[in-house]
Each structure stands twice: as C-alpha cells, then as structure tokens.
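Here are a few exercises to work through with the model open beside you. Try each task before you read its solution.

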Amino acid sequence: MIRAIYPGSFDPVTLGHLDIIRRASQTVDELIVGVLNNGGKTPLFTIEERVGMLKEVAEGIPNVKIMSFSGLLVDFARQLEATVIVRGLRAISDFEYELQMAQTNHKMNPQVDTMFLATSLEYSYLSSTIVKEVAFFGGNIREFVPEPVIGRVHEKVREKTGK
C-alpha cells in the first residue's frame, strides 16, 4: 500500500490545492493532507479551521484523510508510515526550493521519496497569499477557492480589518 502526504499550510485551501489533492489521490492508495501548524507564521485561519475546510472540500474523495501536524515532515511521515511526499510545482522558481527540501527529507528518512506534480495550467498563478491579498482589497475570490471557503475568507478579512 502506498501512503502519501501532501503537506501545506492551506491558509486558505485554493482550487489549485484541491486539484493536486484530486490528482494525487488517484496515484496512491491513501493520501493524507497534512496541515502544518507552523508557530513561526501568523495564519489567517486557525489550524482547526483549516482542517475543517479541507475536510469539507475533500469529503467526496474516499482515500483522502486530513490531519494537522507540527514539527518535521519526515517525522510525521515516519509516524504514519508514509513513503511518499506530494508537492505541487507552479513554476520553475518553485522547483529549486522543492528539490532542496526533497533531498533533505530523503537524507533524513531514506524511506521517503517526493513526487512532484505540475500544477494544472489554469491554477499555475494561484497561491493562498494571492487569495488573501485579493480578499483584503475587496476583490472577487470566487475563481480561486472552493465555494464553501469564499464566505469564510471574507468573514476573516472583516474580522481583521473591521470592514
């Protein structure tokens, strides 16, 4: 059985993330979407909110599980007996960093390999950072995030800005 982890902050989950989740889930037996609880960042959504949104938008994909984690990804992989890490690549600029991380992870845990999936062309520009920026300036994010996420992003923006 091939168990893979697709890690990220997913703050918020985008249509690009969902595309990678769907495609990766078709190539492995079990896909764990690992939502990183990174103490070094101040996310828009809590870890519980991000996990909840991902569970909602991925509920129709039977071999996908959503879990939060903190610490090293290779330790999380070891704990879950996962042998594959899934990473999406939007541009050549992503590749250099992701390759370095893949090599570091493999050095730390030789049982783990990284599988790169090129982002679908329609989402190659998209990131959670762009979604938040557009939302904070009052723009339409309907084409960037799954339907259940739209209202939640706008609500968080109102909380942060008071508007």
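**Exercise 1.** Which residue in S5 does Val84 stand opposite?

*Solution.* Val84 stands opposite Asp113. Before going on, note that this is a predicted model, in which local features need pLDDT of at least 70 and side-chain atom pairs count only at pLDDT 80 or more, while totals for chains, interfaces and linings use all residues. Residues are numbered from 1 along each chain as its sequence is written, and side-chain values use heavy atoms, with hydrogens and water left out.

Next, step back to the strands. Strand S4 (residues 84-89) and S5 are joined by six bridges in the parallel sense; two strands pair if DSSP finds at least two bridges between them. Helices (H or I, at least four residues) and strands (E, at least two) are DSSP runs, numbered from the N terminus.

Finally, place the pair in its sheet: five strands form an open, parallel sheet in the order S3-S2-S1-S4-S5. Strand S3 (64-69) and strand S5 (113-118) are its edges, each pairing on one side only.

**Exercise 2.** Find the residues with the most contacts inside the largest nonpolar core.

*Solution.* Start with the terms. A nonpolar core is a set of buried Ala, Val, Leu, Ile, Met, Phe, Trp, Tyr and Cys residues joined through side-chain atoms within 4.5 Å. Buried means under 20% relative accessible area, exposed over 50%, and partly exposed in between (1.4 Å probe, protein chains only).

The largest core has 37 residues, and the most contacts inside it belong to Ile21, Leu31, Leu54, Val64, Ile66, Val86 and Ile141. H2 gives the most to this core, with five residues.

Now look around Val86. Beyond its neighbours within four places in sequence, its contacts (heavy atoms within 4.5 Å) include Ile5, Leu31 and Met115.

**Exercise 3.** Take the salt bridge between Arg87 and Glu98, and work out where its partners lie.

*Solution.* A salt bridge is a side-chain nitrogen of Lys or Arg within 4 Å of a carboxyl oxygen of Asp or Glu. For Arg87 and Glu98, the N to O distance is 2.8 Å. The pair links distant parts of the chain, with Arg87 in strand S4 and Glu98 in helix H4 (residues 92-108), eleven residues apart. Glu98 is buried, at a relative accessible area of 9%.

For contrast, try Lys156 and Glu159, whose closest N and O atoms are 3.8 Å apart. Both lie in helix H6, three residues apart, about one turn of the helix. Lys156 counts as buried at 12% relative accessibility, whereas Glu159 is exposed at 53%.
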